[in-house]
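Reader: I am in my first year and still learning to read protein models, so could you take me slowly through one part of this one, and then show me how other parts can be read in the same careful way?

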Amino acid sequence: MRSPGRTAALLGLLFGLAGTGTSAATVVLPELASELGVGPSTAAWTISVYAVMLAVATPLHGRLADAYGLRGPLVVGLSAMVGGSVVAALAPTFPVLLAGRVVQGFGGASVPVLATALISTLWSGPQRSSALGRLAGIAAAFSALGPLLGGALEEIGGWRLAIAVPALGVVSLPWLARRAPAGGTGERIDRVGALFVAATAAGLVLLLQSPSSGPVTAMIGAVMLAVGVPAVAIWVRRRPTGFLPRVVVTNPVVLRSAFATAAIPAAWFALLIGVPLTAAEWGWSPFEIGLLLLPAVAVGIVAPWLSRTALGRLGPRRTIVTGVGIAVVAMLTGAAGAALDSPVLLAFAVLALNTAFGIGQPAMISAVDGAVDAAERGIALGIASLVFLVGASIGAALVGGLAEVTGIAVALCVLVALPVMGLTVLLLGPRQRTPVRV
């Protein structure tokens with residue numbers, strides 16, 4: 001394929017559809033909670049379990065791609081995303097809804113890591129930077145459209161239509177089945193390592209969600225986290241080529257880049273929950289909330305140019321610093337908007353975060369891709385995306401857990417600690433010496 005434009009656009013749309021699993025769902029949480037008979041904090045689990053599955057399943061898809069090629073994991077992942085969306089949309093009870101969201105999140109996790117891996121496989125140099133920027137920009141724009149789309153669908157046919165939006169990914173399955181390369185190393189997947197990682201990430205989210213869920217949730221999360229962290233460390237030492245290869249998880253560029261950039265989806269998911277909850281308190285409808293977030297879509301139009309320019313002039317490391325710095329400003333602006341009941345400040349906060357996402361994720365991918373061998377690219381991107389998306393689950397869990405206790409404004413202020421820590425880790429670490437392919 002000579003030009004990455006169409007491929008990057010389609011993959012960006014798929015990425016955006018996976019993102020609408022959150023953005024379209026957030027604006028209909030009050031209606032969902034009312035119909036299924038649960039409280040607002042319980043309804044927030046609709047977002048949290050999806051974010052958790054996005055995080056924990058991402059490295060698994062990366063491993064599957066290394067072992068079997070990109071085609072099979074992409075087709076299976078998209079099929080799961082579509083099927084889970086249908087189950088969640090038709091759910092008669094809240095537990096069935098959560099089960100569908102788990103499947104949907106598992107499938108949706110295949111898109112970020114495998115889409116970026118596909119682009120990295122097919123192109124290099126300026127073409128790859130342009131394609132990654134286009135992918136991130138379209139994904140961010142489509143995700144930003146999610147609230148408006150979800151609100152419009154809610155007015156047409158209720159919250160179930162909004163939950164079903166990611167099922168539209170079914171139309172891309174024939175194309176991916178033809179274009180994505182097959183064939184891999186054929187190695188077996190380390191299932192024990194995958195289980196340890198999943199349990200640890202889930203324990204962290206349960207613990208963060210516990211302020212609104214109660215002491216039982218806190219205790220379960222704390223136990224899972226206390227057991228999971230040493231179990232993962234021991235398993236990595238015992239199986240250095242297992243689910244989390246030691247050569248990747250000890251790579252400082254991979255870890256610092258992913259940890260710093262994870263603050264961006266944390267802030268993004270936090271605002272996707274916080275803004276609709278705040279606007280709902282003003283009496284706004286889901287469609288009106290979607291209109292509030294609409295200006296952020298414009299960022300997606302210029303995101304490829306922003307990403308390409310930033311990577312070309314600043315390099316991955318300084319581009320990440322720029323993106324995370326924008327996230328800090330966005331979170332503080334969002335907190336001010338919630339405290340002052342200012343729609344303008346909330347809209348600006350989301351627009352700024354879209355900008356951070358549009359340059360931050362391509363920079364992380366470029367940094368990771370330049371720090372590992374080609375044979376480790378899939379799992380390295382998977383691990384980086386794991387850290388990146390754990391940030392999303394942390395953002396969703398913290399806002400869902402703290403909103404009813406402290407209020408949205410305070411919860412967003414607490415989350416500012418994440419980008420500050422990310423910047424500290426990145427700036428205090430050594431500069432990357434490995435040539436970066438952008």
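Author: Let us begin with S172, which is buried because its relative accessible area is 3%, and the cut-off for buried is under 20%. Please keep in mind that this is a predicted model. S172 sits in the loop that runs between α9 (159-163) and α10 (173-179). A polar atom of the side chain of S172 lies 2.8 Å from the backbone oxygen of G169.

From this loop we can turn to helix α14, which spans residues 252-261 and in which V253, V254, S257, A258, A260 and T261 are buried. If you look down the axis of α14, these buried residues fall within an arc of 165°, and therefore they line one face of the helix. The N-terminal end of α14 is capped by N251, which places a side-chain oxygen 3.0 Å from the backbone nitrogen of V253.

The next step is to ask how rings are arranged. A pair of aromatic rings is described by the distance of the centres and the angle of the planes. The structure contains three aromatic pairs. In one of them, F15 and F357 meet edge-to-face, with 6.4 Å from centre to centre and 75° between the planes. This pair links distant parts of the chain, since F15 belongs to helix α1 (residues 5-26) while F357 belongs to helix α18 (residues 343-369), and the two are 342 residues apart. F15 counts as buried because its relative accessibility is 9%, and F357 counts as buried at a relative accessibility of 9%.

Another pair is formed by F196 and W235, whose ring centres are 5.9 Å apart and whose planes stand at 85°, so this pair is edge-to-face. It too links distant parts of the chain, with F196 in helix α11 (residues 191-213) and W235 in helix α12 (residues 215-238), 39 residues apart. Here F196 is partly exposed, with a relative accessible area of 26%, whereas W235, at 15% relative accessibility, counts as buried.

Helices can be read in a similar manner. Two packed helices are described by the angle between their axes and the distance between the axes. For helix α4 (residues 45-68) and helix α7 (residues 110-122), the axes come within 8 Å and cross at roughly 40°, and α4 and α7 are therefore oblique to each other. The crossing in which α4 passes α7 is right-handed.

Note on methods: Residues are numbered from 1 along each chain as its sequence is written. This is a predicted model: local features need pLDDT of at least 70, side-chain atom pairs count only at pLDDT 80 or more; totals for chains, interfaces and linings use all residues. Side-chain values use heavy atoms; hydrogens and water are left out. Rings of Phe, Tyr and Trp (its six-membered ring) pair if their centres lie within 6.5 Å; planes under 30 degrees apart count as stacked, over 60 as edge-to-face and the rest as tilted. Helices (H or I, at least four residues) and strands (E, at least two) are DSSP runs, numbered from the N terminus. Buried means under 20% relative accessible area, exposed over 50%, partly exposed in between (1.4 Å probe, protein chains only). The arc is that of the directions from the helix axis to the C-beta atoms. A polar contact is a pair of N or O atoms within 3.5 Å; within protein, one must be able to donate a hydrogen and the other to accept it, and residues adjacent in sequence count only if both atoms are side-chain atoms. Axes are lines fitted to C-alpha atoms, for helices over the stretch in contact, and angles run from 0 to 180 degrees between N-to-C directions. Angles under 35 degrees count as roughly parallel, over 145 as roughly antiparallel, 65 to 115 as roughly perpendicular and the rest as oblique. A crossing is left-handed if the near helix is turned anticlockwise from the far one by less than a right angle, and right-handed if clockwise.
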